[in-house]
Amino acid sequence: MIPERRIELVERAKENPILSPIAEHAWESRATFNAAALELEGTVHLLYRAMDADNRSVLGYASSKSGTKISVRDKAPAYVPREHFELKAVDGPVAYGCEDPRLTQIGTTIYMVYTAFDGKNPWKAALASISVKDFLAKRWDKWSKPQLMTPDPVQDKDACLMPVKVGGQYMILHRIDPM
């Protein structure tokens, strides 16, 4: 972006960071960042990227009435890597797992687009879903089987599903990286 043409659309919360790693939770002991936010029933629900000592990324859950002061934070992850494209594919200290979630509600379903990375192959955009009812009840085992949205050999990150149809179809924005 050109600095002199940049427009600040939002203001960073003075409380930052609103989420920090919790050493007692092995799954998020190394780092927490890049939260997705979705407002449901007067509460801001967050799914955030958390890293463990092995550099595995999972998604944790927290919520807030104000959007900045966390009122609930789960002791276990809400979403963990489970498919070959997000499980560690090499030995050694590499990052892998589920990263950078984006949440979109369409009707009674919440769609999560996220970055799936096995530590070896190009990272890919993946999609999973859960009903609003199961999300609010924290029935994390109800997430659908994730599907890759990115073909080989494309490297794709930061995808987002738009909640409104354009020309009768839903749109997904991507950040495709040159390889």
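Contact here means heavy atoms within 4.5 Å. The model is predicted, so to speak, by the book: local features need pLDDT of at least 70, side-chain atom pairs count only at pLDDT 80 or more, and totals for chains, interfaces and linings use all residues. Residues are numbered from 1 along each chain as its sequence is written, and side-chain values use heavy atoms, with hydrogens and water left out.

**View 1. K124 and its neighbours.** Find K124 in strand β7, residues 124-131 (strands are DSSP runs of E, at least two residues, numbered from the N terminus). K124 counts as buried because its relative accessible area is 5%, and buried means under 20% (1.4 Å probe, protein chains only). Leaving aside residues up to four places away in sequence, K124 touches Y114, T115, A116, L148, T150, P151, D152, P153, V154 and D156.

**View 2. What the K124 side chain reaches.** The side chains of K124 and D152 share a polar contact of 2.8 Å (a pair of N or O atoms within 3.5 Å; within protein, one must be able to donate a hydrogen and the other to accept it, and residues adjacent in sequence count only if both atoms are side-chain atoms). The K124 side chain also gets to the backbone oxygen of V154, at 3.0 Å.

**View 3. W140 and W143, a stacked pair.** Rings of Phe, Tyr and Trp (its six-membered ring) pair if their centres lie within 6.5 Å, and planes under 30 degrees apart count as stacked. The count comes to 8 aromatic pairs. One of them, W140 with W143, is stacked, at 6.5 Å centre to centre and 15° between the planes. W140 is buried at 15% relative accessible area, and W143 is buried at 5%.

Conventions: Helices (H or I, at least four residues) and strands (E, at least two) are DSSP runs, numbered from the N terminus. Buried means under 20% relative accessible area, exposed over 50%, partly exposed in between (1.4 Å probe, protein chains only). Rings of Phe, Tyr and Trp (its six-membered ring) pair if their centres lie within 6.5 Å; planes under 30 degrees apart count as stacked, over 60 as edge-to-face and the rest as tilted.
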